[in-house]
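The following explanation leads the reader through a single protein chain, beginning with one residue and widening to the packing around it. Please keep the sequence and the coordinates at hand while reading.

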Amino acid sequence: MKTNKIMDEIRSSISPGMKKQMELSVAIANRIYYILEAKGMSQKEFARMIGKTETEVSRWLSGTHNMTIATICKISDALEEDIIRVVGYSYGSTYDFEPEIAAEAVGER
């Protein structure tokens, strides 16, 4: 995860729940950034692809923006890559499933 001194200081003074939210937001932003980089795509090209401004995409990639599930799905569809994955659920399956106990980062296949 990308960090800096100011963010480290902020993290040390917040609740565990808020800390987890921040870490997940940064992880999602890093995942999107990684996919863009792997595809050789600029933020500007990506913004055009999904009908957003480059400023908005830049905000997303800062890791401080609280994206909705709808936005994450739109990004995932546009990039043809998973951004997040629910453990134990297979896309396109029924909503009835037994959760697995596993820890898998989406980007580490």
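Ser-76 is buried, because its relative accessible area is 16% and the limit for burial is under 20%. The model in which this value was computed is a predicted one. Ser-76 belongs to helix 5, which covers residues 69–79. Beyond its neighbours within four places in sequence, Ser-76 is in contact with Glu-81, Asp-82 and Ile-83. With Glu-81 there is a specific polar approach: a polar atom of the Ser-76 side chain lies 2.5 Å from the backbone oxygen of Glu-81.

Between Ser-76 and its partner Glu-81 along the chain comes Glu-80, a residue of the segment after helix 5. Its backbone deserves inspection, since the phi angle of Glu-80 is near 55 degrees, a positive value in a residue that is not glycine. Is Glu-80 buried or exposed? Glu-80 is exposed, because its relative accessible area of 69% lies above the limit of 50% for that class.

The wider setting of helix 5 can now be described. The chain contains five helices and zero strands, and the order of its elements from the N terminus is α-α-α-α-α. The chain has 109 residues, of which 24% are buried. Among contacts with a separation of 6 or more, 47% join residues that are 24 or more positions apart.

One helix pair can be followed in detail. Helix 3, residues 43–50, packs against helix 5 at an angle of about 105 degrees, and the two axes are 10 Å apart. Helix 3 and helix 5 are therefore roughly perpendicular to each other, because the range that counts as such runs from 65 to 115 degrees. On the side of helix 3, the contact is made by Phe-46, Met-49 and Ile-50, while helix 5 contributes Lys-74, Ile-75, Ala-78 and Leu-79. By character, the residues of this contact comprise six nonpolar, no polar and one charged.

Phe-46, one of the residues in that contact, lies in helix 3. It counts as buried because its relative accessibility is 0%. Apart from neighbours within four places in sequence, Phe-46 is in contact with Leu-36, Met-41, Val-57, Trp-60, Ile-75, Ala-78 and Leu-79. For the pair Phe-46 and Leu-79, the C-alpha atoms are 8.6 Å apart in space, and the two residues are 33 residues apart in sequence. From the side of helix 5, Ile-75 touches Ile-32, Phe-46, Trp-60, Met-67 and Ile-83, when residues up to four places away in sequence are not counted.

These residues lead to the largest nonpolar core. Which of its 16 residues touch the most other members? They are Ile-32, Phe-46, Ile-75, Leu-79 and Ile-83. The elements that supply two or more residues to this core are helix 2 (16–38), helix 3, helix 4 (54–61) and helix 5. Helix 2 provides the largest share, namely four residues.

Two further residues complete the description, in helix 2 and helix 4. Ser-25 has its place in helix 2 and is buried, because its relative accessible area is 14%. Outside its neighbours within four places in sequence, Ser-25 is in contact with Gly-63 and His-65. Glu-56 is found in helix 4. With a relative accessible area of 21%, Glu-56 is partly exposed, because the buried class requires a value under 20%. The C-alpha atoms of Glu-56 and Gln-43 are separated by 9.7 Å, the two residues being 13 residues apart along the chain.

Key:
Residues numbered from 1 in each chain as written. Predicted model: local features only at pLDDT ≥ 70, side-chain atom pairs only at ≥ 80, totals over all residues. Heavy atoms only, no water. Buried < 20%, exposed > 50% of the residue type's maximum accessible area, 1.4 Å probe, protein only. Polar contact = N/O pair within 3.5 Å; in protein donor to acceptor, adjacent residues only side chain to side chain. Contact = heavy atoms within 4.5 Å. Axes fitted to C-alpha atoms, helices over the stretch in contact; angles between N-to-C directions. Parallel < 35°, antiparallel > 145°, perpendicular 65-115°, else oblique. Nonpolar A, V, L, I, M, F, W, Y, C, P; charged D, E, K, R; others polar. Core = buried A, V, L, I, M, F, W, Y, C linked by side-chain atoms within 4.5 Å.
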